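Colleague: Could you take a close look at one part of this protein for me, the nonpolar core and its surroundings? I am new to this, so please explain the terms as you go.

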Amino acid sequence: MKSPFFLLLAAILLATTLSATDYYVSTTGSNANAGTLAAPFATLQHAIWQAGPGTTIFLLSGTYQESVWMEAVNGSPGNFITIRPFGNDVVTLDGGATNTQTVLLTLYNVQYVRIQGLVFKNAMGNFSSAITVRNGSQHIEIIDNLIENIHFSTDPGATVNASTNANPLIVYGDNPSVAITDVKIMGNTVRDCRTGFSEALTVNGNVDGFEVVNNMVNDITNIGIDLAGGYGTSSNPSNDMARNGRVAENIVFNCVSNYAVSAGIYADGSHNIIIENNTVWGCGRGFQIGCEQVGKTAAGILLRNNVAFANEEAGMGIGGYNYPVTGKVINSIVRNNTFYGNVTTNNGDGELLVEYTENCLITQNIFHATNTQAKLLVTRLNSTGLILDYNLYFHTQGAGNIITDWNGDIDNTFASFQVGSGQEAHGVFGDPDFSDPSHGDFHITAISPANNAGNPSFIPDSGEKDLDGEARLQHGTVDIGADESADAPLPVSYLQPLSLTWKNGDVWLSWHTAWVYNAAHFEVQHSRDGQHFLPIGQIGISSNTNHYQFRHASPGKGIHYYRLRQYDHDGLSYWSNIITTVFEAPHELLVYPNPTSSQFSLSVNTSCFITLRDASGTIVLPATYYQPDTSIDIRFLANGAYWLSVDDERGVWLVKQ
């Protein structure tokens, strides 16, 4: 049985825990008041000096022009000191645009502190900041705040150099003995800031353990989110880097510098960081893993399940950009990301830019390029231990018209790149078939070549999610790219559908596959009426080729229909498109393909003039000189039937569809 003394002591301690004093602050209050709702303090700084574990400081609506310093004022486990608005009040800490260094809130060697729901603005002057976390602070939560108009100068035209900086939100690990740890930066918006040579949201120096999740960072004149190391922030080189952090579900856009590479999210000399499920667009570069400081490394960076599109430079950059003058990137992985339509300035980057790395893996990503220079990827500085495999590449100019730069070795086809680089043994070139990329929808469809095309032995990490927060592995093998389709893929995806040509009275069928999965063979089928098809041949499906041909010898005069029936190993089958052709007697006119969607040729052995009329007799293609074995492009015509005449003597109906 406990003595009355210990029962009394427990009651006193419980009462103390439950009776933490809350304080209220108002722009119309007085620091001589009691700090209650009825008699609030006048300044946040005064309320902070009164706070203890479990205290909530409520700020009433208004603008507070304070520069607040919080030092050695600590909460405790389960009893945070919280600073937040009262109810739904709008509370602004305003720096007044003084053009002198202004830090609106400094957390210096504090523990268990939460900053929530405030507006920070107008800190303007060199080395200004909205929120700075320093000197071994631990268990810090910065949640749902708005930070805007933090500038290194009030002059919009001020010259920018390495000494002009502003840091809207920075975690600055400057204590070499005590790491800043357990920092959660969640749900904040940082926007419209001129940061000079600095970044919008920075984690730098001796910081061990942090989360940057679900923030929006936009319209910054340099990098969006930066995870940095090697800059001497901590005087102990062994811990002078942000490490063991997670950067997830952030949206970063319009972070562009006119004087430096400005990635949306940048791991620069940091260690053991997971960067996942973020979306970046309209920045200088999408994502960057690098190390700017000589003799330093970025190590153990895992970039997965992210999307980058419409950025000015490469969608993905990795490596020390001028090694050995700079540092290098080692033991890092870039996988299951989607990069689309970057390099909008056509600066010579590809969707992927690799500089100096050691023992890095780039796998299961989609690189969909649209730049006018036809650049698909660029590597330089001769990385060691670099592996590229199971990636899906595409350029709108086609597999035979791309440019890859492998350490100065230029190739113009994807196949020659594979041979010359020794990379991408399982890589694929094909259109990933996104749902609606023009509107930022990068989900893959059931016929996408990204479906089930990843490494068959790959197993996602526990809890890993795709861009929708869904399980990374839905069926079979993991998909390539940031999206894991919930739809089971078709066994075959066609890069070029079934087509045909006539040669010496024979029909040659041709088709290209983008990828195959669980597919066994093609059955070639022929019909005279377009309804009743009979098999005329069979071709096995191989993972070693994507181009198939079949010869139908002397099919004879008249109309012919062809299709493919593709069988998978489970006995299921799928049909291809149906194509049609007509073979006339040698003295008659033959047009092929007919119907057509784009162009046609004639079975004539001499030059002639051809004319096209629509069904009403109106000329839609005036007399045009035609040479044998050439093609006429009619993509400009509407779909329908047209009368094609040769030298105004003989003719045939041509169908455009």
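Modeller: Happy to help; here is the overall picture, then the core and a few details around it.

This is a predicted model, in which local features need pLDDT of at least 70 and side-chain atom pairs count only at pLDDT 80 or more, while totals for chains, interfaces and linings use all residues. Residues are numbered from 1 along each chain as its sequence is written, and side-chain values use heavy atoms, with hydrogens and water left out.

The protein has three helices and 59 strands. Both are DSSP runs numbered from the N terminus: helices are H or I with at least four residues, and strands are E with at least two. The radius of gyration, taken over C-alpha atoms, is 33 Å, well over the 26 Å that the globule rule gives for 657 residues, so the protein is more spread out than a compact globule. That rule is 2.2 Å times the number of residues to the power 0.38. Along the principal axes, the C-alpha atoms fill a box of roughly 115 × 65 × 55 Å.

Buried residues make up 54% of the 657 residues; buried means under 20% relative accessible area, with a 1.4 Å probe and protein chains only.

Now to your core. A nonpolar core is a set of buried Ala, Val, Leu, Ile, Met, Phe, Trp, Tyr and Cys residues joined through side-chain atoms within 4.5 Å. The largest one has 95 residues, and F120, F210 and I275 have the most contacts inside it. A second, separate core of 19 residues includes L509, I541, Y562 and L564.

Let us zoom in on F210. Leaving aside residues up to four places away in sequence, F210 touches V183, V203, L227, A242, R243, N244, G245, R246, V247 and I273. A contact here means heavy atoms within 4.5 Å.

S270 shares some of this company. This serine is found in the loop between β22 (263-268) and β23 (271-276), and S270 is buried, with a relative accessible area of 0%. Among the residues that S270 touches, again not counting those up to four places away in sequence, are L227, A242, M241, T297 and I301.

Contacts also link distant parts of the sequence: among those between residues at least 6 apart, 72% join residues at least 24 apart.

Key. Buried means under 20% relative accessible area, exposed over 50%, partly exposed in between (1.4 Å probe, protein chains only).
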